[in-house]
Each structure stands twice: as structure tokens, then as C-alpha cells.
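Dear colleague,

I am handing over the structure we spoke about, and I would be grateful if you could look through it before reading my notes. What I found in it follows underneath.

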Amino acid sequence: MRIVIFGGGMQGKVIAQNLAKRTERPEVIIADVNECKDLGHQIQFQKANVLDKAQVASAVKNADAAVLAVPSSIAHEALENLIETGVAVADVSFTPDPPLSLDALAKKTGSCCLVDCGIAPGLSHMMVGSAYAELGGLDRARILVGGIPQSPPEVFHHAIYFNPCDLIAEYIRPARARERGKEIAPHPFDAHVEKYEDSELGHLQAFLSDGLRSLLTSYPDVPDMVERTLRWPGHFDTMRVLFKTGLFEPDTISNTAAAMNKKFGADRYPDLLLMVVEAQRGGKTRSWRLLDHCRDGNSAMSRTTGFTTAAVAMLLA
């Protein structure tokens, strides 16, 4: 069994490590433009540019499945290149829009592609789908999720656990959701911020974000669907100030992201991840709560995201 992972960043390495430890012992290859070191003897490296169709085709030759774990800025083109080869793909890259426009191409080439298959979106969607099937439909679905520092720094109250540009995107992309059967897409800073009280972590804030993705099209009959991102109190206000000062504009966002990553890197602030999924139909409910902590040198965000992606890749393979 051969699985090729496109993306040699932290997320790609966590996925590779998880696959390499599985009892099925798949052959695991990381393909990236930059050489990856310290992968261990069970993980191979192959130099390849995911935006080069010929190199992609060569890298996935004889592969049973591929994983796409690259920044959102190049994810759509990269996914299209993979689908053109006909290989099965587990995609964890958070594209600006769900890449459902590639559906016809996937059907043409025979590529079975699961998009947004991380923790949320990803595992959260599987839980909603499970509740929908078990209850025979849903009246309401709510997802609350966030990877946050165990000990947050002052002022910023957060840290950078994945690509910083993609993190900022959570605060500036229209937050697509559904209320009382009506599609909404407010700017996150214009939407109401809720208080959320967790039994272990205490007081958190939950802001509307664009995490429902394909759930909105997969389940058009569910009248109320929402995802909210969890953060420590104070962080959202800081991000609002940065937004108002123009630091999230297209010509400044890269510098802002780099500065945030340098000042509040994940290595300095070990994280935890909390996800709560709630589904309801009539008087019947289904709910899940997941809490994970940074361990073994990997953040809780990369663990929960990467392990889900690895499981999907194994199913595809």
C-alpha cells in the first residue's frame, strides 16, 4: 500500500508519522519542493512541485491514495492536478471555497476525493452526518471548535498552530451558515459573539466562522446550521483592532502573518483543542465532546487534524 503526501510542513509530517505507525504499515512518501529532514526510516521523501502536472503524475504513479496538505493559496490548483491523475485524494487544505467545482473532473477521471477532511471541517462533518442518518434528518446542527493555548499570552490571547495566513482567513472570510432556513454569510466581525462555558476550561468566546463548508450543500433541508470558533476571551477583540487598522488587507496580510508567527509561535505556547458537536431533531439529540492536548512534540491542532486525515487516507487506499 502506497500513500503520497503533498506538503512537507508540520501538518504533512504529522499525517506521515501517524500513517507510518499503523498496523497496515503503508509505504509513506512526502512530496514537496523543499527537502524534508528527520523523517525517520519509515517515511520517504520525493522532491516534487504539486503545481507541476508532470511531477504530480510521476509522484503518484502506483500510489493507492494521496494526501493534500498545502497552504490554501495554492490548494485549488494543486487539487485539480491530483484529480487529473485519477488518484484517490484526502484533502486537508482549507481552500477559500469548497472545491466542489472539481466534481465533474473527479467523476471523469475516477478520482474519489474527500475535501476538508481534518478535525473541523472534517470529523465534525462526519458526526453531523452520523446524527442525520441516525435521527432521520435534523432540525439543528451546531459545531464549536478551537485550538487554543493552554496558557495564553497577554494581549493576543492566542498562538499560531497552522499557516498564519489561513488563520487570519478565519476572521475575514464570509461566515456561511443557515438560520431559520435562510442562508447567511456575515463578516465574522459583524456577527454576534457568544459566550461559551466549558465544564473543564471555563469561560470561552465563540465567533461565527466559515467551517460548515460542504455541509450546507450536502444537507440543504437542515434549517439551522452553524459553526463557531472557540477562543479565550480578549483574542477576538485584538483581532478586530488589527483588522480595523488595515493589517489584514491584501498588501499587508503577509507581513502581519509573519509577525504573528514569529511572536506567538506554537512551540512557545503548547495548545489544547476542544470540539463540541450538537445535533437535534425534535426532542432527540446527539452530541460529542473532544478535548485533546499537545503531546509528543505535536500540537493538539496538528494531531486531531492529521490523525483524521490519515484515517481517511487509509480508507481510500
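**The sheet and what packs on it**

Strands β2 and β3 run parallel and are joined by five bridges, and I should say at once that this is a predicted model. Within that pairing, Ile-29 has Gln-44 of β3 as its bridge partner. On the other pairing of β2, strand β1 (residues 2-6) joins β2 (residues 27-32) in the parallel sense, again through five bridges; here Val-4 is partnered with Ile-29, while Phe-6 stands opposite Ala-31. As general background, the strands of a sheet pair through backbone hydrogen bonds, in either a parallel or an antiparallel way.

These pairings belong to an open sheet of six strands, which pair in parallel and follow the order β3-β2-β1-β4-β5-β6. Its edge strands, each pairing on one side only, are β3 (43-47) and β6 (113-114). Helix α1 (residues 10-21) packs on this sheet, where it touches β1, β2, β3 and β4 (65-68), and its direction makes about 170° with that of β2. Together, β1, α1 and β2 form a β-α-β unit that is right-handed. Helix α3 (residues 72-85), for its part, lies across β1, β4, β5 (89-91) and β6, and runs at about 175° to β4. As for how covered β2 is, five of its six residues are buried.

**One residue of helix α1**

Asn-18, which has its place in helix α1, deserves a separate look: is this residue buried or exposed? Asn-18 counts as buried because its relative accessible area is 15%, and the cut-off for that term is under 20%. The side chain of Asn-18 makes a polar contact with the side chain of Arg-22, at 3.0 Å. If neighbours within four places in sequence are left aside, Asn-18 is in contact with Phe-307 and Ala-310.

**The nonpolar cores**

The largest nonpolar core has 46 residues, and Leu-138, Met-239 and Met-275 are those with the most contacts inside it. Not counting residues up to four places away in sequence, Leu-138 touches a list of residues that includes Val-128, Ala-131, Tyr-132, Val-222, Pro-223 and Ala-279, as well as Asp-221, Gln-280 and Arg-281. Apart from the largest core lies another, of 22 residues, and among them are Val-4, Ala-59, Ala-78 and Val-89. Val-4 therefore appears twice in these notes, as a member of that core of buried residues and as the bridge partner of Ile-29 in β2.

With best wishes

Key:
Residues are numbered from 1 along each chain as its sequence is written. This is a predicted model: local features need pLDDT of at least 70, side-chain atom pairs count only at pLDDT 80 or more; totals for chains, interfaces and linings use all residues. Side-chain values use heavy atoms; hydrogens and water are left out. Two strands pair if DSSP finds at least two bridges between them. Helices (H or I, at least four residues) and strands (E, at least two) are DSSP runs, numbered from the N terminus. Contact means heavy atoms within 4.5 Å. Axes are lines fitted to C-alpha atoms, for helices over the stretch in contact, and angles run from 0 to 180 degrees between N-to-C directions. Buried means under 20% relative accessible area, exposed over 50%, partly exposed in between (1.4 Å probe, protein chains only). A polar contact is a pair of N or O atoms within 3.5 Å; within protein, one must be able to donate a hydrogen and the other to accept it, and residues adjacent in sequence count only if both atoms are side-chain atoms. A nonpolar core is a set of buried Ala, Val, Leu, Ile, Met, Phe, Trp, Tyr and Cys residues joined through side-chain atoms within 4.5 Å. A crossover is right-handed if, with the strands pointing away from the viewer, the path from the first strand over the helix to the second runs clockwise.
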